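Please open the model in your viewer and keep the selection panel at hand. The stops below go from one selection to the next.

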Amino acid sequence: MNIIHRVSIVAAVLLLLQTAATVAQTADEYLELGIELGSQGHVQEAIDSFSRAIMLDPGNAGAYYNRGLAKSLGGDVAQALADYTRAIELDPKLLGAYNNRGFARAALGDFRGAVADISKAIALDPSIPEFYNNRGTARSALGDYKGAIADYSSSIRLSPHLAGAYNNRGLAKSLSGDPGGAISDFTLALERDQGYEAAWYNRGNARANSGDLKGALEDYSKALILNAGFTEAYNNRACTKAALGDYPGAVEDMSQLLQILPDNAEAYYNRGLARKQLGDTGGAIEDLQKAASLGDTLSAEALREFGK
């Protein structure tokens, strides 16, 4: 039940949008054109424009940096990392490249490398709150919750209205065994952004873990009002309803989840258990058999109780 919705590391976009020349001819003009194309969502065209800028001026760190950002947005994280590295070689003080390379490394699972890169960005400019937030997320992924909490606190000190930092600090506190502190931080995040669906969901998890099932139910419901496709919230609200004895409500939530993820074995298993509690033997067996066919290992034991 303790599914945690993480907030992704935020790649700091340090681009200044400028009006591109109608017909680009120089490296700088291609760089400007690429920035404009990227801002309009034309990712591949932006990459092509940055590549032309590099052909004309191989020492242009900004072209490599922006091409890396465009490649990252296009899903080519490994190549983005290579471009950020080249940008740093050309301009060792390009702090955005360190931060974004850290983002790329984190996306590839290299959290230690991410911490090292973002630390370099912070050393170059210790006044940017997003950098501390990003390093905190990488540290949390490494299990360094104390370090993560310290980073999120630094981010909050620099920008007290940054809802994401409160949410992330709440996650780190929850993972380090401080549910009360987690609930407090999620509440602070929500005071700054009532539309923060992840914070509603995360506070629901923390409340459920603290035994406040009714409070958890309210929070999951808020998250689902904001995002009707939030499958984890359906799952956890269903489990909470079942714990409160509302088995019809649990079946309804699992059914909603299965409309979105029709091959979710866990949802079939959980709905089968709820149907069993309602005396719906046929429905319970059908769900448990479906869960087993999808690879759920717990269903076999439950089916044996029905003689199946």
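Does Arg207 count as buried or exposed? Select Arg207 to begin, bearing in mind that this is a predicted model: with a relative accessibility of 17%, Arg207 counts as buried, because the limit for that class is under 20% relative accessible area. Now add Asp212 to the selection, and you will find that it forms a salt bridge with Arg207, in which the closest N and O atoms are 3.8 Å apart. Asp212, for its part, is partly exposed, its relative accessible area being 34%.

Next, turn to the N-terminal helices by selecting residues 27-39, which make up helix 1, and residues 43-56, which make up helix 2. The axes of these two helices come within 8 Å and cross at roughly 165 degrees; since angles over 145 degrees count as roughly antiparallel, helix 1 and helix 2 are therefore roughly antiparallel to each other. The crossing in which helix 1 passes helix 2 is left-handed.

To see how the two helices meet, show side chains on both: on the helix 1 side the contact includes Tyr30, Leu31, Leu33, Ile35 and Leu37, and on the helix 2 side it includes Glu45, Phe50, Arg52 and Leu56. Taken together, the residues of this contact divide into 10 nonpolar, 3 polar and 2 charged.

From here, move to helix 3 and helix 4 by selecting Arg67 and Asp83, whose side chains meet in a salt bridge with an N to O distance of 2.8 Å. This pair links distant parts of the chain, as Arg67 lies in helix 3 (residues 61-73) and Asp83 in helix 4 (residues 77-90), 16 residues apart. Both ends of the bridge can be inspected for accessibility: Arg67 counts as buried at 14%, and Asp83 likewise counts as buried at 4%.

Staying in helix 4, select Arg86 and Glu89, whose side chains meet in another salt bridge, at 3.1 Å from N to O. Why are these two separated by about one helical turn? The reason is that Glu89 and Arg86 are 3 residues apart in helix 4. Glu89 counts as exposed, at 52% relative accessibility, whereas Arg86 is partly exposed, with a relative accessible area of 33%.

For the last stop, select Arg101, Arg105, Asp110 and Asp117 together, and follow the network of salt bridges that links them. If you then wish to survey such pairs across the whole model, the structure holds 20 salt bridges.

Conventions:
Residues are numbered from 1 along each chain as its sequence is written. This is a predicted model: local features need pLDDT of at least 70, side-chain atom pairs count only at pLDDT 80 or more; totals for chains, interfaces and linings use all residues. Side-chain values use heavy atoms; hydrogens and water are left out. Axes are lines fitted to C-alpha atoms, for helices over the stretch in contact, and angles run from 0 to 180 degrees between N-to-C directions. Helices (H or I, at least four residues) and strands (E, at least two) are DSSP runs, numbered from the N terminus. Angles under 35 degrees count as roughly parallel, over 145 as roughly antiparallel, 65 to 115 as roughly perpendicular and the rest as oblique. A crossing is left-handed if the near helix is turned anticlockwise from the far one by less than a right angle, and right-handed if clockwise. Contact means heavy atoms within 4.5 Å. Ala, Val, Leu, Ile, Met, Phe, Trp, Tyr, Cys and Pro count as nonpolar, Asp, Glu, Lys and Arg as charged, and the others, Gly among them, as polar. A salt bridge is a side-chain nitrogen of Lys or Arg within 4 Å of a carboxyl oxygen of Asp or Glu. Buried means under 20% relative accessible area, exposed over 50%, partly exposed in between (1.4 Å probe, protein chains only).
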